[in-house]
Amino acid sequence: MIIVLLELDADGVAETSLETLRLARDLATEGGGVPVHGLVLGAADGVAEELADQLGKHGVTTLYSARGEAFESYAAAAWAAALVEARERAGAVVITGAGTPRGNEVLAHVAARIDVPMAANAVAFDGLSPLTVTRQVVSGAALEEMQLPQRPAVFSVAGHAVEAKPADTATATSVEELSVQVDEPDLRARVVSTEPGAPDQSGDLQSARVVVGAGRGAGGPEGFAGVSELAELLGGQVGVSRVVTSLGWRPHHEQVGQTGSRINPDLYIPCGISGAIQHWAGCASSKTILAINTDAEAPMMTKASYAVVGDMHEVVPAINEEIRRRHTVSTKGPPPA
Ligand SMILES: Cc1cc2nc3c(=O)[nH]c(=O)nc-3n(C[C@H](O)[C@H](O)[C@H](O)COP(=O)(O)OP(=O)(O)OC[C@H]3O[C@@H](n4cnc5c(N)ncnc54)[C@H](O)[C@@H]3O)c2cc1C
């Protein structure tokens, strides 16, 4: 048996959870066709029943639903208590969920509660006994194989590691209410209010004619002033590497690459981006690339149409200043003779 923590968004079951279900189904097949169960938390009245049809198409046989005051807002420890309860009810030997901030946090709590290791951000698995997962480490820069011989095995699935896809054959999903004992300490860290985020602008990035990119070389969230200004001066958009979004320096909708947006601008200016294959996958269609990097041998520099070897914090402001100067000259017109 496999139990999957399912996260919900405005459209129902989140895409990352559907991706996780796909990997869980493959794992279930490897285990001789064991059932896949799901758990939703804090769903409003009747929502679990509405989701049953969709989840049946993704191979979920039983959907557990934990509701009540304790689940009205997100509290990692309370969610973990529910997942442990669902796992016991299902007799699951594998507990998994999407490698989202919430998914990883809840699964880490689960692993601590039942005293087993947890593998975060798996992209593939090999065998079930013992279960070996390949997982992303160092912000996705490297892959590590990790054996999970303990039962239950606990791991999360990295976003976009697999494509969400319904099962070949739909199954009937039964919904079961789960009664969970949540203790007061489980609710000490919880979400007390939420603010709407910035609107998703990844569409703007995908259609931009100019993209100014920045990677780890930006050095931190404060290192984007120059690239933002350059993007604005050129009427373009900012695009970033995954390191940048993983570190929380910039929002995910700005990420370029295999697990971000694919761009095809007339001009791409990657600054402080090494050009790892996963980043290149998203920018290879750019018509002209002007790379700025301190390392002349970085893959992005060797593949670029033009390369400037230098510190982006010096080169980018110098370009901005020159553009501003030329703009001033052209708007004022030539000096009087
Ligand atoms: C399954 C998977 C999916 C992935 N998907 C993506 C994806 O969609 N997009 C993506 O970007 N990555 C993705 N990655 C991660 C990818 O492998 C790289 O880790 C990432 O692209 C590296 O980001 P970076 O170039 O910013 O950082 P680094 O590789 O650390 O490179 C930083 C660069 O900055 C340069 N530098 C440092 N300081 C300065 C300075 N002051 N001025 C100028 N240059 C400087 C350095 O010389 C270096 O070349 C994925 C990885 C995996 C495993």
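These are my notebook entries on a predicted model of one protein chain.

**Entry 1. Overall make-up**

I began with the chain as a whole. I counted 10 helices and 16 strands in the chain. The C-alpha atoms occupy a box of roughly 85 × 40 × 40 Å along the principal axes. I then looked up burial and found that 44% of the 337 residues are buried. For contacts between residues at least 6 apart in sequence, I noted that 67% join residues at least 24 apart.

**Entry 2. Nonpolar cores**

I next looked up the largest nonpolar core, which has 61 residues. Within this core, I2, L39, A78, W79, A82 and L83 touch the most other members. I asked which element gives the most to this core. The answer is helix α3, residues 76-90, with 10 residues. I also recorded a second core of 32 residues, lying apart from the largest one. A208, V211, V256 and I273 are among the residues of that second core.

I returned to W79 to list its contacts. Leaving out residues up to four places away in sequence, W79 touches L41 and V106.

**Entry 3. The packing of α3 and α4**

The partner I examined for α3 was helix α4, residues 101-114. Two packed helices are described by the angle between their axes and the distance between the axes. For α3 and α4, I noted an angle of about 60 degrees and axes 8 Å apart. Roughly perpendicular begins at 65 degrees, and the pair α3 and α4 is therefore classed as oblique. I recorded the crossing of α3 and α4 as right-handed.

I then listed the residues that make the contact. From α3 they are A76, A77, W79, A80, L83 and V84. From α4 they are E105, V106, H109, V110, R113 and I114. I sorted the residues of this contact by type and obtained 9 nonpolar, 1 polar and 2 charged. W79 and L83 appear in this contact and also in the list of core residues that touch the most other members.

**Entry 4. Backbone exceptions**

I turned to the backbone. Most residues other than glycine have a negative phi, and most peptide bonds are trans. I looked for exceptions to both.

Where is the cis peptide bond that I noted? It runs from R151 to P152, with omega near 0 degrees. P152 is in the loop between β9, residues 142-148, and β10, residues 153-157.

For phi, I recorded D115, a residue that is not a glycine and has a positive value of about 60 degrees. D115 is in the loop between α4 and β7, residues 118-128. I also recorded N121, which is not a glycine and has a positive phi near 60 degrees. N121 is in strand β7.

I asked whether D115 is buried or exposed. D115 is exposed, because 7 other C-beta atoms lie within 10 Å and the limit for exposed is 12 or fewer. N121 has 23 C-beta neighbours inside 10 Å and therefore counts as buried, since 20 or more are required.

**Entry 5. Residues far apart in sequence**

I finally looked up pairs that are distant along the chain, and I recorded C-alpha to C-alpha separations.

*E30.* This residue is in helix α1, residues 15-30. E30 is partly exposed, with 15 other C-beta atoms within 10 Å. E30 and S129 are 99 residues apart along the chain, and their C-alpha atoms are separated by 9.8 Å.

*E69.* I placed this residue in the loop between β5, residues 60-66, and α3. E69 counts as exposed, with 10 C-beta neighbours inside 10 Å. Between E69 and V182 I noted 113 residues in sequence and 10.0 Å in space.

*A170.* This residue is in the loop between β10 and β11, residues 174-177. A170 is partly exposed, with 14 other C-beta atoms within 10 Å. A170 and V60 are 110 residues apart in sequence and 8.7 Å apart in space. Beyond four places in sequence, A170 touches G56 and K57.

*N320.* I found this residue in helix α10, residues 312-332. N320 counts as partly exposed, with 18 C-beta neighbours inside 10 Å. N320 and A231 are 89 residues apart along the chain, and their C-alpha atoms are separated by 9.5 Å. Which residues does N320 contact, leaving aside neighbours within four places in sequence? They are G226, E229, L230 and L233.

Note on methods. Residues are numbered from 1 along each chain as its sequence is written. This is a predicted model: local features need pLDDT of at least 70, side-chain atom pairs count only at pLDDT 80 or more; totals for chains, interfaces and linings use all residues. A nonpolar core is a set of buried Ala, Val, Leu, Ile, Met, Phe, Trp, Tyr and Cys residues joined through C-beta atoms within 7 Å. Helices (H or I, at least four residues) and strands (E, at least two) are DSSP runs, numbered from the N terminus. Two residues are in contact if their C-beta atoms, placed from the backbone, lie within 7 Å. Axes are lines fitted to C-alpha atoms, for helices over the stretch in contact, and angles run from 0 to 180 degrees between N-to-C directions. Angles under 35 degrees count as roughly parallel, over 145 as roughly antiparallel, 65 to 115 as roughly perpendicular and the rest as oblique. A crossing is left-handed if the near helix is turned anticlockwise from the far one by less than a right angle, and right-handed if clockwise. Ala, Val, Leu, Ile, Met, Phe, Trp, Tyr, Cys and Pro count as nonpolar, Asp, Glu, Lys and Arg as charged, and the others, Gly among them, as polar.
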